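Morning, everyone. I'll keep this brief. Please have a look at the structure on the screen.

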Amino acid sequence: MAEICIIKIGGRPLADPESLKVLCGELEKISRQTPVAVIHGGGSEVSRISRIFGLEPVFVDGLRSTSEEEMAVVEMVLAGRMNTLLVRSLAVRGMRAVGLSGCDAGMLIAEAAAPRSRTGRIVSTDGTLITDLIQGGYMPVCSSVAMDSSGEALNINADEAALEIAAGVSAARLVYLSDVPGILLDKQVVPVLGPEEAEKKITSGEIAGGMIPKVRSSFRGLSRGIGEIIIGGCDKEGDLQSLLQGSGTHLRLH
Ligand SMILES: Nc1ncnc2c1ncn2[C@@H]1O[C@H](COP(=O)(O)OP(=O)(O)OP(=O)(O)O)[C@@H](O)[C@H]1O
Ligand SMILES: [Mg+2]
């Protein structure tokens, strides 16, 4: 099989109709060149809907602390609304998108990160469904909802889910598409970042919030054999191609 590219899409571009249109156009182009599987988050939308239900989101080191009540919102928003929205947007462009969550075919099995928390840590990954779908000519589109060994739902940070799935299918590339053009330091995109420098920037607070799990997942991914990891944005036509050719931030082990 040709080399698989895993593309992780963050919640904010998904929630904006114009960004979504651009993204789907870019995915259409890239998928003609290489097999693509999409993993998506939806953190901003989960927070928005949670607040409507009177649940105030809590984050620790950029990871959502998910209560039982909020888990229901996560499942509805990610595996429901956001996943279907993305599948529909790809399908109208002729792509054979298939909507999934980490619960399908044992793709992401996790355990609770703390007692009474529904934030999960992945304990096993099975990428077979992704590779089978790609071989059948489909584009898998997967949310980051997972389950534990007793069948209960867990919320996985979508960057970590993308990393595990990318490692599970031995992906050649993992691209994190967020609402920023790459990792910003002093308001400039850093073209290349290594693990030690990244940890220093996390300690100093220059890399913060949702960028922390993205960066930490990336270095774990590189040491687990994913060929290349890129962090960047996709606001206009040609952006995804540019990222694959060298813009954005490329993470390297050195
Ligand atoms: N040094 C940095 N460079 C760029 N972005 C940073 C940096 N430090 C913190 N951030 C924040 O990280 C955010 C991206 O992570 P965030 O978790 O919010 O989105 P996402 O992972 O793309 O989407 P989702 O969480 O829905 O999957 C940016 O919007 C920015 O505010
Ligand atoms: Mg995030």
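I'll start with the overall fold and then turn to the ligand.

First, a caution: this is a predicted model. The protein has nine helices and 16 strands. Its C-alpha trace spans about 45 × 45 × 35 Å along the principal axes. Is that what a compact globule would give? What radius of gyration does the protein have? It has 17 Å, and a compact globule of 254 residues would be near 18 Å, so the two agree. Buried residues make up 52% of the 254.

Now the annotation. An unreviewed UniProt entry marks residues 4-230 as "domain: Aspartate/glutamate/uridylate kinase". That span is 43% helix and 25% strand. The C-alpha atoms at its two ends lie 14 Å apart.

On to ligand 1. How many residues surround it? The count is 21, and the closest are K8, R12, G43, S178 and K214. By type, the shell holds seven nonpolar, eight polar and six charged residues.

Let's go through some polar contacts. The side chain of K8 places an N or O atom 2.5 Å from an oxygen atom of ligand 1. L184 uses its backbone: an N or O atom there is 2.8 Å from a nitrogen atom of the ligand. M211 also uses a polar backbone atom, 3.4 Å from a ligand oxygen.

How much of ligand 1 does the protein bury? Alone, the ligand exposes 630 Å², and the protein buries 79% of that. Three elements give two or more residues each to the shell: α1 (11-15), α6 (158-168) and α8 (211-223).

That's my tour. Over to you.

Note on methods: Residues numbered from 1 in each chain as written. Chains lettered and ligands numbered in written order. Predicted model: local features only at pLDDT ≥ 70, side-chain atom pairs only at ≥ 80, totals over all residues. Heavy atoms only, no water. Near = heavy atom within 4 Å. Polar contact = N/O pair within 3.5 Å; in protein donor to acceptor, adjacent residues only side chain to side chain. Areas by Shrake-Rupley, 256 points an atom, 1.4 Å probe, with all protein chains shown as cover. Helix = DSSP H or I, 4+ residues; strand = E, 2+ residues; numbered from the N terminus. Nonpolar A, V, L, I, M, F, W, Y, C, P; charged D, E, K, R; others polar. UniProt positions renumbered as here; feature names shortened; annotations may be inferred. Rg over C-alpha atoms; globule rule 2.2 N^0.38 Å. Buried < 20%, exposed > 50% of the residue type's maximum accessible area, 1.4 Å probe, protein only.
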